[in-house]
Amino acid sequence: MTVELKVTSIDNHNFSFSGEVSIPQAPPEFKSGFIGIIGRPNVGKSTLMNQLVGQKIAITSPIAQTTRNRLRGILTTPEAQLIFVDTPGIHKPHHQLGQVLVKNARNAIDSVDVVLFVVDGSVACGAGDRFIADLLVRTETPVILGLNKIDQQPPNFQPIDDSYQALAETQQWPIVKFSAQTGAGLPELQQLLIEHLETGPFYYPPDLVTDQPERFIMGELIREQILLLTREEVPHSVAIAIDRVDESPTITRILATIHVERDSQKGILIGKGGSMLKAIGSEAREQIQKLIAGKVYLELFVKVQEKWRQSRMTLAELGYRVEE
C-alpha cells in the first residue's frame with residue numbers, strides 16, 4: 001500500500017549540520033553543559049524539551065514510553081548554551097528493545113552535567129519515582145527535581161507537593177514547579193538550570209536546535225501519528241525506516257517503511273481501503289511540512305518483521321543501540 005502526499009513547506013528550520021560549520025568563541029562567564037531529562041514514562045519529558053527549545057523536535061503522545069532515542073535539544077541564550085538530552089522513560093523492560101532503552105536512560109545519568117528529574121506533579125509520588133530517586137542517589141551529578149503538570153493539580157495540591165518534598169529533602173535536591181504544556185514556571189526552571197552549569201564553550205552553532213538529522217525527525221513524526229491514531233492497537237511494535245530521500249530543485253521524494261511485528265498490525269495500519277495509512281500520512285504531512293523547504297512526494301510502506309524488538313541485529317539496523 002502506498003500513500004503519495006505533496007507537502008508545501010511553511011518554514012525551514014536548522015535541525016542538523018555537517019561538514020564545516022562556524023562555532024563562535026564563547027564570551028567570558030558564558031555557561032554551557034548537557035542536561036539529562038530523566039523520569040517515568042509519560043511525565044511530559046518530550047513536551048518539556050520542545051517548549052524549552054521553542055520548537056517541536058521530539059514526538060509526544062498520551063501513550064507511555066514514546067521516546068526511544070536520546071534526542072538532544074539545544075537552547076542558546078546570551079548567557080548559556082543548554083543541551084537537553086531527552087531519554088526514554090525508566091520502566092521495567094519486557095523485551096530487548098525495552099532493555100536497550102532503559103540502559104540508555106541510565107547511562108545518561110552519569111554522562112551529563114545536570115540531571116533534571118521530572119515527575120508528574122498532578123499526582124503524589126509513587127513507587128516508580130522512588131525507584132528512579134534511588135538510582136540518582138548513586139550519582140555525583142547534580143539533580144534538580146521538576147514537578148511538571150502543575151496546570152493539572154487539584155485544588156488541594158499540598159499533600160502532593162509534600163510527597164515530593166520528602167523525596168528531595170534527604171538529598172537536598174532543589175525543587176521547581178512548572179507546566180510543560182502551558183509554559184508556566186519555565187523561565188524559573190531555565191534560570192535554575194543555568195545556575196547549575198559551569199562556564200564553558202559553545203558546543204554547537206547558536207542557531208541549532210537539535211543535533212539529529214532531518215531523516216530521523218521525519219521518521220519520528222510519522223511514528224507519532226501512528227501512536228496517536230492507532231493508540232493501543234499498534235502501540236510500540238512499530239519502527240520507521242526512512243529508506244530514501246531524493247532532492248531536486250522542485251521536489252523532495254521520501255520513501256519510508258513502517259515495520260511491525262504481525263500481519264494483524266499491518267492490517268490495522270493500512271485500514272479499510274488504505275484509509276488508516278492515508279490518515280497517518282496526511283497528519284504526518286502537517287508536521288513534516290514544518291521541516292522541509294519545498295514540495296514533498298512521500299511514499300509509505302508497511303512491512304511485517306516478526307519479533308523485531310527481540311532481535312539485537314534488527315534493533316541495530318533500525319538505529320536502536322546501547323549508547324555509551
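**Figure 1. Surroundings of Asp-161 in helix H4 of the predicted model.** In this predicted model, Asp-161 touches Leu-147, Gln-153 and Lys-177, with residues up to four places away in sequence left out of the count. Asp-161 belongs to helix H4. With a relative accessibility of 12%, Asp-161 falls below the 20% limit and therefore counts as buried. One of the residues touched by Asp-161, Gln-153, is also joined to it through the side chains, by a polar contact of 3.0 Å.

**Figure 2. Aromatic pair formed by Phe-30 and Phe-202.** The search of the whole structure returns 3 aromatic pairs. In the pair shown here, the rings of Phe-30 and Phe-202 have a centre-to-centre distance of 4.4 Å and an angle of 35 degrees between their planes, an arrangement classed as tilted. The two residues come from distant parts of the chain, 172 residues apart. Phe-30 is located in the loop between strand E1 (5-7) and strand E2 (31-39), whereas Phe-202 is located in the loop between helix H5 (186-195) and helix H6 (214-230). Both Phe-30 and Phe-202 are buried.

**Figure 3. Aromatic pair formed by Phe-34 and Tyr-203.** The rings of Phe-34 and Tyr-203 are arranged edge-to-face, with 5.1 Å between the centres and 65 degrees between the planes. Because Phe-34 lies in strand E2 and Tyr-203 in the loop between H5 and H6, the pair ties together parts that are 169 residues apart in sequence. The two partners fall into separate accessibility classes: Phe-34, at 18% relative accessibility, counts as buried, while Tyr-203, with a relative accessible area of 37%, is partly exposed.

**Figure 4. Strand E2 and its pairing with strands E4 and E5.** Strand E2 is mostly covered, with 8 of its 9 residues buried. Strand E4 (residues 80-86) runs parallel to E2 and is joined to it by 7 bridges. Within E4, Ile-83 is the bridge partner of Phe-34, the residue whose ring pairs with that of Tyr-203. Strand E5 (residues 114-120) is likewise parallel to E2, and 5 bridges connect the two. Within E5, Val-118 is the bridge partner of Gly-39. In a regular strand, side chains alternate between the two faces of the sheet.

**Figure 5. Gly-44 in the loop that follows strand E2.** Gly-44 is found in the loop between E2 and helix H1 (45-53). At 17% relative accessibility, Gly-44 counts as buried. Apart from neighbours within four places in sequence, Gly-44 is in contact with Asn-148 and Ala-180. The C-alpha atoms of Gly-44 and Val-119 are 8.3 Å apart in space, although 75 residues separate the two in sequence.

**Figure 6. Glu-29 and Gln-172, two residues with positive phi.** Most residues other than glycine have a negative phi. Glu-29, which is not glycine, has a positive phi near 70 degrees. Glu-29 is found in the loop between E1 and E2, and its relative accessibility of 66% exceeds the 50% limit, so that Glu-29 counts as exposed. Gln-172, also a residue other than glycine, has a positive phi of about 55 degrees. Gln-172 lies in the loop between helix H4 (158-169) and strand E7 (175-177). With a relative accessible area of 71%, Gln-172 is exposed.

**Figure 7. Arg-253 over the ring of Tyr-297.** The charged end of Arg-253 sits over the aromatic ring of Tyr-297. The distance from this charged end to the ring centre is 5.1 Å.

**Figure 8. The whole chain, as context for the close-up views.** The chain contains 9 helices and 10 strands. Of its 324 residues, 53% are buried. Among contacts between residues at least 6 apart in sequence, 76% join residues at least 24 apart. The area exposed by the chain is about 14,900 Å², of which carbon and sulfur atoms supply 48%.

Definitions and conventions
Residues numbered from 1 in each chain as written. Predicted model: local features only at pLDDT ≥ 70, side-chain atom pairs only at ≥ 80, totals over all residues. Heavy atoms only, no water. Phe/Tyr/Trp six-rings, centres within 6.5 Å; stacked < 30°, edge-to-face > 60°. Helix = DSSP H or I, 4+ residues; strand = E, 2+ residues; numbered from the N terminus. Buried < 20%, exposed > 50% of the residue type's maximum accessible area, 1.4 Å probe, protein only. Lys NZ or Arg CZ within 6 Å of the ring centre and 35° of its normal. Pairing = 2+ DSSP bridges. Polar contact = N/O pair within 3.5 Å; in protein donor to acceptor, adjacent residues only side chain to side chain. Contact = heavy atoms within 4.5 Å. Areas by Shrake-Rupley, 256 points an atom, 1.4 Å probe, with all protein chains shown as cover.
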